[in-house]
Amino acid sequence: MPGFWLGAWAWDDVAAVLRTDGHDVTALTLPGLESADTDRSKITLSDHVDAICDAIEAAGQPVVLAVHSGAGVSGYAASERLPGQIAAMIYIDSAPATGAINPGFHAVEMPLPPWEELADDGIRLMSDEHQEIFRQRAIPEPGAAVREAPVLTNERRRGVRSIVVCTSNTSEEMKSMIDKGYPWLAGLAELRDVSYEDLPTHHWPMWSRPVELAAIIGAAAHRGS
């Protein structure tokens, strides 16, 4: 699952490596992210969760669900709905979110912010080629995906094996932030089976380190098979 402003295309390099290694890969473009002309006014967070769950059920067997960045909200909600059909969750510079990313956001959509606002995510560490691809292909995120919180009632979600791939921060920094109560990391404190993988780079490792990221996902798939 791609993070905000991205579609399935963001996973092309990682998916190619995984397919070469014999894995069955499905990359999703979530509702509202199809094109700049898409009507995002009626897209809800539940629509994103539904799309993920539909893909999980279509696989016909337990899946490794990899989610990036803001997709930690809809991804965790999908694990709540279908915990028995997920062999492992992989949170890529992300975490299982128990609340909204920005509950005070009221606009219909959230465009890609100015480049300067993404500096803390390491945007300037991205290659010129990938920066240009990002600028050209980024799609505004549906506002509801930003402001709505996931519905979490199924306690079985806490037992889903989860792997956190730490790219912008180290695993030790992530654990320290959990201890300090950072809201976007709240779900990690309630999971019963969590491990961490350090993959130093920027916030978009699917572009900067696709081979290494594919290896982490592939290893999780082999362990779950």
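**A parallel sheet and two loop residues**

Asp-93 sits in the loop between β2 (86-92) and β3 (109-110). This is a predicted model, and that loop is a good place to enter it.

Start with the backbone of Asp-93. Its phi is near 45°, a positive value in a residue other than glycine. Most residues other than glycine have a negative phi. Is Asp-93 buried or exposed? Its relative accessibility is 7%. Buried means under 20%, so Asp-93 counts as buried.

Now step back along the chain to β2, and look at the sheet. How many strands form it? There are 4, in the order β1-β2-β5-β6. The sheet is open, and the pairing is parallel. β1 and β6 (194-198) stand at the edges. Each has a single partner strand, so one side of each is left without a neighbour in the sheet. From one strand to the next, the twist averages 20°.

Look next at β2 and its pairing with β5 (residues 162-166). These strands run in the parallel sense and pair over 4 bridges. One contact can be named: Met-89 has Ser-162, in β5, as its bridge partner.

Finally, go to the edge strand β1. Ser-69 lies in the loop between β1 (63-68) and α3 (71-81). What is the phi of Ser-69? The angle is near 55°, again a positive value in a residue other than glycine. Accessibility is the next point. Ser-69 has 22% relative accessibility, so this residue counts as partly exposed. The loop after β2 gave another result: Asp-93 counts as buried, at 7%.

Definitions and conventions. Residues numbered from 1 in each chain as written. Predicted model: local features only at pLDDT ≥ 70, side-chain atom pairs only at ≥ 80, totals over all residues. Heavy atoms only, no water. Buried < 20%, exposed > 50% of the residue type's maximum accessible area, 1.4 Å probe, protein only. Pairing = 2+ DSSP bridges. Axes fitted to C-alpha atoms, helices over the stretch in contact; angles between N-to-C directions.
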